[in-house]
Structure formats: structure tokens, C-alpha cells
Amino acid sequence: MFGIYLRRELSRRKKAALVVAMGLALGIALVITVDSVSAGMTQAQGKVLKSLYGLGTDMTVTKARSAPKAGGSQGPNFRFDARSSGEASQSSDRVMTQGGQALKSSLVGKVAAQKGVAAAVGALSLNVTKVDGSFTQGKATSSAGTQQRGGPGGGDGGGRPQVQGGGANFDVDSYSVAGVDVTHQTLGPLATVKITSGRTFTAAQTNAKAAVVSASYAKQKKYKAGSTFEISGTTYTVIGIATPDSGESTTDVYLPLKQAQSLGDAKDKVTTIYVKATDSQQISAVKKTIQGNVSGTTVTTSADLASTVSGSLSTASDLASSVGKWLSIAVLAAAFLVAALLTSSAVSRRVREFGTLKALGWPSRRVTRQVVGESMVNGLIGGGLGIALGLAAAYAVTAVSPTLTAQLGGTGGTGGPGGGPGGPGRQTAGNTLEIALSAPVSATTIALAVGLAVAGGLVAGAMGGWRASRMRPADALRSVS
Amino acid sequence: MYRLTGVTKRYTRGKETVEALRGVDLTIADGDQLVIQGPTGGGKSTLLQMIGGLDRPSAGSVELDGVDLATIGEARLTRLRAEKIGIIFQAFNLIPTLTAQENVETALVPLGVAPAERRARAAEALRSVGLEERLSHVPSEMSGGQQQRVAIARALVKNPRVLLADEPTGNLDEGTRDDIMALLEGLWREHGLTFVLVTHDSSIARRAPRVATIRGGRITLTEQGAAGQEPQRIGA
């Protein structure tokens, strides 16, 4: 009887049931959307951090920031020869250690020996600026019409030789290089990439003239496995193409650490030490230990790095967690209130009906159960609709994949030219990543939605049931409505 | 047996207190038929509510088989209503979304009767009131007379000791009224029920062996002799 009565009553009051269900559905859909977008934001932030840190990296150690020495910081310097030929192609590479400051390689071992550290790997980040182009000498002409070769520049004056034409055409290419410890590739810059073509370094290639190139840089330069390129006169062979696991790679070229140290004139130096803790719950303690025992270093954890994320990703994340959350709560509260009022109003219109049932000997709890049951079904219908709406919205967000930018760092610092592989803290200054936003819906979110639907039904049912339970059977005789 | 002693019922509305019943004393023997009549607002329905355990008196006692309905707990009173008292309302009071059979079944729900037995007993009750063809009809698909027959079937399906009817023909035309009254009188005789009927229809009251007239909350009893004759058309 409970089921039959419930079904018939809901189909009789379809419109009211639909209003209640839709109200709850809207609130629940909003909660799912906000929750999934927030999860997407978190995931995006995670991707950003992962792309910088690498899978399994809990913190990084870099050289503590110090004031630049007078005259110590110089811009890139390029030297080109003036040759006598008519057109001269020249190329020059300027390799700089990112941030300009590095740590001794021996510190890697020292960090690894600290309590709570499972593994530590050093890496050297470099910025390479390549200037490539040619000069064209001008032609000197005399008033007598005799052409003479001259240097750049020109002059005028009757009878004196004049220089015409000439100039320069140079391309400037800036890219990032990471020197990696090929014996420990699971931690450090290569941990965030997947080799999609060719292969990665072998443990024996500690000083090989081999390179792994990021997919985006390879596409730009039309490199493939087997291609060669030069840095400061040294020829490297591309052995593999690497695609980042998420986001965009901040490193263009990966070289064995020794090669990078050689290129950057940073023998036995690293810019970043990647650290994996033995217990992810003890990261703060490990950070303190390292800071206390290894002087002159800055230890940056994922949490520290996360706080430096800015840009539209950060803005959207803030919006989702503040405006989205409160909007969801407001809509849900309104939906609950409307559901409760409509249910209560429906009970008021059924005074004679419930009074009759009580007169027939139905206990109050049975009448209340009937009202609560109807509300619960309403709530569950609303929940079902809400989950469908929420999933559709989350799917739409994922399908559209709005691009968010994440800027890391912002703490200033000396910084090298151009972009480059991001380390934490100051070394990340200027790193901007574009991340496609997705809205993953977790089982927890669905469970939350179902919980809210049940809660909505209970809130409405409790109010209606309370009114129904207070009705007296004599009302059945009095009411003629 | 019903024994009402000094039953008083007061309603308070704001600062005003209205006495609907003033010290009513009344005894109804098992199997008796009593018609309660009187002017509108005289306290007829209030008295019926007291007898049916639908409301409690402000003072006095309402005993049914020695149990005082005025003082027993709510759960026991509800159970007593479910088991012993069948009620018929002026406006039929059927659940609009349920079929005739399901409406009749609602009287068996609080008794914990199994669904299959419920259905069978409801169908039998409807057959006894001549509605075996209307089991699956909802109230809106039936005439007033048919709806009241469903209500009668609902009141009788649980085999009650007492049948209470509050203006059962008040919403019916004259012909239907006679049919319903004939049916009720037949069932009363057949089942040996204690039958209390509220009406302001004098032609119905004239046929009853006992008539209680309520005016201003006070009761006056009139014995009219046994209503031994076969049910016949009650007309002006």
C-alpha cells in the first residue's frame, strides 16, 4: 500500500513534484559542477607542479638567494668576426646557468643523507641563447665610378669613396636545457616526461653527446630521433623525443648532467636538487631538517610552489572555491526551503485525507512515513536529475576545455634570459604554463549528490511529516475542503 | 456497550470558549441503532467524534466495553479505532488517487493484514455493496452513491463492532439516499452492529428506534420502538 499510495500521489501532483525535484536538481547540479571544476583546478595545479617537479618529487633544494655582486650580473655577450667576404653566416651560443647561481654537486649526497630523505638527484638548468645570421658588407663607390669594397657604414663628400648597401640579418633562438643525472631518471626533470619516440639515456651515457628533446621543441625544429644539432660547437645526437605527462614541458633539451655542466661552465655544479621524502606526511619536517643541516640553500615543497601559482588558473580556482561554493550553498538552501514549504503546503491541502486515514486507525508514524516517503522520492528524483545535469555540465566543461594560464614564481630574482626549465622559488620566475581545464566527477562527488538529495527529501519530509503527525482524526470530519 | 457519562466538550477560540457538549449522559447497547439529530452547530458531529474516539472530551467519560476512550493512550485509542469502529463520512472521504479496492484496503492496513488477504477482503466487501464491477475505478470515475458505497465497504471490511455514520446521505440525491439507507440498515441487521447515525434528515430519524436530539450541547433521548420492518423507501 505504501508504494502504491506513494506512486499515485506523486503522479497526481506531478507539477509540484517536478518543481521540488527541479529545485533540488539545480542545487545538486551546481554542487557537482563546482566540485568537479574545483577538482579540475586542483588537478591543473597538480599538473603545473608536476611538470616542474616531476613525479615523486616532494621538494627541491636550490641555492639560497643572495644579492648580486657589483658587476657580477651581465647580459649575454656575443662575439662575431668581421670578415672580408661579401656575405658571412655566423652563429654564436650563449649558455647561462638558470638563475646564475648553482650548488656544488657534493651537496646532492649531503641532502640524500638527511633523515627522512629517500632519494636526492641533482640537475642543472641552463638557458641557451643562439644568435644565428649573417652580415652583408656594403659596397664602396668612388666618384669616378670605381667600385671598392668597404666596411659597414658610409660616408659622403665629393670625390671620396661612398659605401652603399650592407647590413645584418640575425635570428635569436632561446631555449632551455636540463642536465640530468642519467643514472637516476625516475627523479628529476625526466620523471615528468614519457619517451614517445626513440629512447631515453642509458645509465652508461653519463657524458654522452646525446640529447632527448621535448616534443614541442622537436616539432618546432623538425628534429627526430637521429637528428643532430650544435650547442657552442658541440654536436649532439637526438636519441629520443619526450612528451610531458601533463601540461607543457618547461624543458626543451635534456642532456647528460656532465655535458650540461661542461656547456654551462659549471663543473660539479647543479642548480636544483630534487628530493623524495620517505614519508609524504613528513615533508615539512624533512624540509626543516635540510634547511637546518645544509646551509645556504632554499628548500621548496609542493605546497610552497602551489602558493606561487598565479594567473587565470589561480583566479578561476579562487572563484570556484569562494563564489562557487557559496552559490552552491545558497541555491541548495533555497531548494531545500522551497521543497519543505511545498511539501508542507501539500500536507495542508490533504488535511481530510490524512485525517481520514487516522480515523481509520492509521498511526501517526505511518502517515508521517507516507509523507516522508513521498518527499524522499521527490528528493531522489531531484538528485537523479541533478546528477544528470551536473554530469552534463562537467562533461561540457571538459569538452570545451577552457585554457587557463598558470604563472609560477613571481618572487623575483636574477633570472636568466627567456623562459626555461622551472625550478622552484626564484628559478621559476617567468614560467607560464597553459593548462586545459577539465572537470572530473569523482565517486565521492556522486555520493555527495546522493547524500544531498536524501537530505533535501528528509528536510522537506520532516516538515511535512511533522505537520501530518500533528493532525487529529477529527479534522477529517470537520474539513469539507 | 457504550456508556457516556457527563461528557462535556469545550472549544477555545481566542478568548472565547464554546461548549459543544454539556454533560451528556448516554448509553448505547450492543447492536442498537441510535440516530442523532439536531440543528446545525448543535453538537451532533462533536458527539459522534467522542463516540468514535476521534476526539477526547474536556470532561466526563466515554466507555466502550468498559474502556474509557477519554483517558487511554493515543496508540491504544488508534488501535481501538482500527479494530472496532467503522466510520462513514458525509463527503465520503475517499483517497482520490486510490482505486475503490485500494480505498477499502486502507482500513485493513493498520491491522497488519497481508496484501493478498487485504485485496480479497476488499473485493468481497465491495461485492457486498454491489460494486464488484468497480474495483479498479478511482473515486472521480464513480457517482456520489457509488463513492459512498465504497466508503461503506471500507467501514465494514474490518468487521467492526460499531458503525458510525456522519450525515451519510447529506451529499446524495433522494433516490440514492434511500438506496444507501436501505443498504446501511440491511448491513446493520446482517452484522449485528452498534449503529450510530448523525442526520438532520427527519424522515431518516423517524424510522430509528432511538433518537437523540442535541440542542445547545444538551441531549434529549426519544424511544420510538423497534424498527422491525423491512427497509423501505423513506420519503416525505
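A salt bridge is counted here when a side-chain nitrogen of Lys or Arg lies within 4 Å of a carboxyl oxygen of Asp or Glu. With that rule in mind, and remembering that the model is predicted, begin in chain B by selecting D65(B) and R161(B), whose side chains meet in a salt bridge with an N to O distance of 2.5 Å. This pair links distant parts of the chain, since D65(B) sits in the loop between β4 and β5 of chain B while R161(B) sits in the loop between α5 (144–156) and β7, the two being 96 residues apart. D65(B) has a relative accessibility of 33% and counts as partly exposed, and R161(B), at 34%, is also classed as partly exposed.

From D65(B), move to the strands beside its loop. Select strand β4 (residues 59–64) of chain B together with β5(B), and you will find them paired in the antiparallel sense over two bridges, with V67(B) of β5(B) as the bridge partner of L64(B). Widening the selection brings in an open sheet of four strands, ordered β2-β1-β4-β5 in chain B, with antiparallel pairing. Its edges are β2 (16–28) and β5 (67–68), each of which pairs on one side only.

From R161(B), go instead to strand β7 (residues 162–166) of chain B, which runs parallel to β6(B) and is joined to that strand by four bridges. One position to pick out is I87(B), whose bridge partner in β7(B) is L164(B). Strand β6 (residues 85–88) is covered on both faces, with I85(B) and I87(B) buried on one side and G86(B) and I88(B) buried on the other.

Two further salt bridges in chain B are worth a stop. Select R210(B) and D32(B), where the side chains meet at 3.7 Å, N to O. Here R210(B) belongs to strand β9 (residues 210–215) and D32(B) to the loop between β2 and β3 (33–37), so that the pair links parts of the chain 178 residues apart. Is R210(B) buried or exposed? With a relative accessible area of 11%, R210(B) is buried, whereas D32(B), at 25%, counts as partly exposed. Next, select R10(B) and E19(B), which form a salt bridge with their closest N and O atoms 3.1 Å apart; R10(B) is partly exposed at 40% relative accessible area, and E19(B) is partly exposed at 29%.

Now show both chains and turn to the place where they touch. The contact takes 23 residues from chain A and 26 residues from chain B, and together the chains bury about 2300 Å², 63% of it on carbon and sulfur atoms. How many salt bridges cross the interface of chain A and chain B? The rule finds two, and one to select is the pair R472(A) and D55(B), with an N to O distance of 3.0 Å. Seven residue pairs are in polar contact between the two chains.

On the chain A side, colour α1 (2–12), α9 (351–359) and α12 (474–478), each of which supplies at least two residues to the side that touches chain B. Of the elements there, α9(A) gives the most, with six residues. By class, this side of chain A has 12 nonpolar, two polar and nine charged residues.

To finish, select E9(A), R12(A), R350(A), E353(A) and E374(A), which are linked in a network of salt bridges. Over all chains, the count comes to 25 salt bridges.

Terms used
Residues numbered from 1 in each chain as written. Chains lettered and ligands numbered in written order. Predicted model: local features only at pLDDT ≥ 70, side-chain atom pairs only at ≥ 80, totals over all residues. Heavy atoms only, no water. Contact = heavy atoms within 4.5 Å. Buried area = accessible area lost by both parts, 1.4 Å probe. Polar contact = N/O pair within 3.5 Å; in protein donor to acceptor, adjacent residues only side chain to side chain. Nonpolar A, V, L, I, M, F, W, Y, C, P; charged D, E, K, R; others polar. Buried < 20%, exposed > 50% of the residue type's maximum accessible area, 1.4 Å probe, protein only. Pairing = 2+ DSSP bridges.
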